[in-house]
Amino acid sequence: WLDETGIPCVLVDCDRFVDGMSQVQVEGIQAMDGAVEHLVNRGAKQIATITGDMDHLNSQERLAGLQMSLTRRGMSLADTHIVLERGYNEASGSRGAYELLNRGVSFDALICQNDLIALGAMRELASAGLRVPEDVKVIGFDNMEFAGLPEVGLATIDTHPRKLGEMGTQLLPEKLDGK
């Protein structure tokens, strides 16, 4: 409907691709490659993941990036190691970790598609007697404020939201000029 208003705009970190609209997005594929590199450099051999809502562009890109990064390193992501969640909150992380544990799959690293999912997963892993990062290394996404707290200690990917906003504002004058 934004297109129909005729008001020039730039979408920042939008959850879906909007044809004909300028967008500034997090590079999810590259970010996931960094996450895999971080985990592999710390000894991870079996990686699992909990996604957010797969209707969202970010979730699709992050899962694809994870799969491509593992393939590039001669590793794979079995379907049993993927939990497709619908939300981006702690409950999603808790449900996702619970499902992975109930499947009985072996994993020593867990990539979550945002920090809230990671926080919920870490709590579920702890309730199952697993220690983070000693037993399972967990990495989140978005570098939310709580991630760096000592009691949380979450490894996370910083999406630099301020930089995204700056990029969007740099594109806006071009949109106003009809470019």
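Contact, in these legends, means heavy atoms within 4.5 Å. This is a predicted model, in which local features need pLDDT of at least 70 and side-chain atom pairs count only at pLDDT 80 or more, while totals for chains, interfaces and linings use all residues. Residues are numbered from 1 along each chain as its sequence is written, and side-chain values use heavy atoms, with hydrogens and water left out.

**View 1. The whole chain, with its 6 helices and 7 strands.** Helices (H or I, at least four residues) and strands (E, at least two) are DSSP runs, numbered from the N terminus. Following the sequence, you will meet them in the order α-β-β-α-β-α-β-α-β-α-β-β-α. Of the 179 residues, 43% are buried, where buried means under 20% relative accessible area (1.4 Å probe, protein chains only). Among contacts with a separation of 6 or more, 68% link residues 24 or more positions apart.

**View 2. Strand β3 and its parallel partners β5 and β4.** Two strands pair if DSSP finds at least two bridges between them. With β5, strand β3 shares 4 bridges; with β4 (residues 82–83), it shares 2. Look for I50 here: its bridge partner is C112 in β5 and V83 in β4. Together with helix α3 (residues 57–72), β3 and β4 form a right-handed β-α-β unit. Right-handed means that, with the strands pointing away from the viewer, the path from the first strand over the helix to the second runs clockwise.

**View 3. The side chains of β3.** In a regular strand, side chains alternate between the two faces of the sheet. From β3, I47 and T49 point one way, while A48 and I50 point the other. Are these residues buried or exposed? All four of I47, A48, T49 and I50 are buried.

**View 4. The largest nonpolar core, made of 21 residues.** A nonpolar core is a set of buried Ala, Val, Leu, Ile, Met, Phe, Trp, Tyr and Cys residues joined through side-chain atoms within 4.5 Å. I50, L100, F107, L110, C112, V138 and L154 touch the most other members. At least two residues each come from β3 (47–50), α4 (90–103), β5 (109–112) and α5 (115–127), and α5 gives the largest share, with 6 residues. Another core, of 17 residues, lies apart from this one and includes I47, L63, L66 and L77.

**View 5. The surroundings of L100.** Leaving aside neighbours within four places in sequence, L100 is in contact with A48, I50, T80, H81, V83, V105, F107 and L110.

How values were computed: Buried < 20%, exposed > 50% of the residue type's maximum accessible area, 1.4 Å probe, protein only.
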